[in-house]
Amino acid sequence: MSLLKELLEKNGVILPDDMVAKLEKYQEMLMDWNTRMDLTSVKDGDMASRHFVDSLLPMREKGIVPSEGRLIDVGTGAGFPGMPLAIANPELQVTLLDAQEKRCNFLRAVKEELKLDNVVILHGRAEDAGRDSKLREKFDCATARAVAALNVLSEYLLPFVKVGGKMLCWKGPGAVEEVPNAKSAIAQLGGGNIKTMPMACENEHHVLVSADKKEKTLPQFPRKNGVPSKRPLK
Ligand code: SAM
């Protein structure tokens with residue numbers, strides 16, 4: 001059994017061999033491209049757990065990550081968590097959004113190599129894309145990992161989510177303290193029913209924060225580029 005498959009199974013994520021083979025090819029490409037450009041600071045030996053298992057961990061419980069419909073991963077970087085989720089859920093249409101073109105180039109190469117018809121790569125900022133009528137409130141789920149504090153992240157994510165959908169944030173253990181600070185922002189953006197779920201993986205204790213989209217987001221959100229992070233909603 002491959003190291004990645006073993007690690008995934010040890011953490012309760014069971015995937016067929018062809019999906020694991022795609023994840024491995026993706027990991028191989030990431031290691032190769034990372035020698036030429038700065039895609040991730042995670043060292044080769046830690047990639048399987050820090051990137052791949054971590055991205056897929058919420059799949060060990062049914063109903064957290066949708067297996068179909070549309071998902072957008074905002075600030076996807078080298079593709080986490082969106083690309084592993086797309087590989088593991090071929091019926092899910094996944095849009096990967098990032099502000100850095102070089103990261104998008106890498107993602108395009110992965111999409112082509114693995115023939116991922118369910119993946120769309122978009123270069124741009126969440127503040128602009130969230131105002132685009134082709135993207136605004138068109139997704140069942142918006143995800144992000146390691147992008148911003150929860151109050152800022154909510155303004156990036158919730159404008160993309162349809163009423164009835166949700167945002168999912170992969171966070172460190174400090175997330176529990178970020179929630180009280182983000183409650184008002186989430187409500188102003190049309191969200192509610194915030195939940196925190198512990199996601200322990202190897203020696204890391206991560207937390208997944210979810211919020212449901214209850215009402216449409218008011219047209220003034222997201223605010224202009226850079227404003228959500230400079231002046232987070234209070
Ligand atoms: N999500 C990936 C992960 O967990 O490995 C990448 C995390 S990296 C620390 C943050 C990424 O978010 C960067 O690639 C950056 O370009 C992107 N980013 C930050 N703010 C953004 C915004 N407002 N819109 C789009 N992308 C953004």
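Which helix supplies the largest share of the lining of the largest pocket? In this predicted model, the answer is helix 3, with three residues. The sheet is described first, then the helices that pack on it, the pockets and two buried residues.

The model contains an open sheet of seven strands. Their order is 3-2-1-4-5-7-6, and the pairing is mixed. Strand 3 (119-123) and strand 6 (191-201) stand at the edges. Each has a single partner strand, so one side of each is left without a neighbour in the sheet. Neighbouring strands are turned against each other by 20 degrees on average, direction ignored.

Both senses of pairing occur. In general, strands of a sheet pair through backbone hydrogen bonds, either parallel or antiparallel. Strand 1 (residues 69-74) pairs with strand 2 in the parallel sense, over six bridges. Within this pair, Val74 has Leu97 of strand 2 as its bridge partner. Strand 5 and strand 7 are also joined by six bridges, but in the antiparallel sense. Here Trp170 is bridged to Leu208 in strand 7. Strand 2 is mostly covered, with six of its seven residues buried.

Helices pack on this sheet. Helix 5 (residues 101-114) touches strand 2 and strand 3. The direction of helix 5 makes about 165 degrees with that of strand 3. Helix 3 lies across strand 4 (139-145), strand 5, strand 6 and strand 7. Relative to strand 4, helix 3 runs at about 155 degrees.

The largest pocket has a volume of about 660 Å³. Its lining comprises 31 residues. Closest to the centre are Gly75, Gly77, Arg145, Ala146 and Val147. Several elements each supply at least two lining residues: helix 3 (44-56), strand 2 (92-98), helix 6 (126-129), strand 5 (161-171) and strand 7 (204-213). Helix 3, with its three residues, has the largest share. By class, the lining of the largest pocket has 12 nonpolar, 10 polar and nine charged residues.

The second largest pocket holds about 220 Å³ of space. It is lined by 14 residues. Met59, Arg60, Glu61, Lys62 and Asn89 lie nearest its centre. Seven residues of this lining are nonpolar, four are polar and three are charged.

Two helical residues were examined individually. Gln27 is placed in helix 2 (residues 17-34). Is Gln27 buried or exposed? Its relative accessibility is 11%, which is under the 20% limit, so Gln27 counts as buried. Leaving out residues up to four places away in sequence, Gln27 touches Leu4, Asp44, Met47, Ala48 and Phe52.

Ala182 lies in helix 8 (residues 175-188). Its relative accessible area is 0%, so Ala182 is buried as well. Which residues does Ala182 contact, leaving aside its neighbours within four places in sequence? Those residues are Leu150 and Asn151. Lys224 is 42 residues away from Ala182 along the chain, and the C-alpha atoms of the two are separated by 19 Å.

Technical notes:
Residues are numbered from 1 along each chain as its sequence is written. This is a predicted model: local features need pLDDT of at least 70, side-chain atom pairs count only at pLDDT 80 or more; totals for chains, interfaces and linings use all residues. Side-chain values use heavy atoms; hydrogens and water are left out. On a 1 Å grid over the protein atoms alone, a cavity is a set of points where a 1.4 Å probe fits but cannot get out, and a pocket is an open set with protein on both sides within 12 Å along at least five of seven lines; lining residues have an atom within 4 Å of a point. Grid points are joined across faces, edges and corners, and a volume is the space filled by probe spheres set on the points. Helices (H or I, at least four residues) and strands (E, at least two) are DSSP runs, numbered from the N terminus. Ala, Val, Leu, Ile, Met, Phe, Trp, Tyr, Cys and Pro count as nonpolar, Asp, Glu, Lys and Arg as charged, and the others, Gly among them, as polar. Buried means under 20% relative accessible area, exposed over 50%, partly exposed in between (1.4 Å probe, protein chains only). Contact means heavy atoms within 4.5 Å. Two strands pair if DSSP finds at least two bridges between them. Axes are lines fitted to C-alpha atoms, for helices over the stretch in contact, and angles run from 0 to 180 degrees between N-to-C directions.
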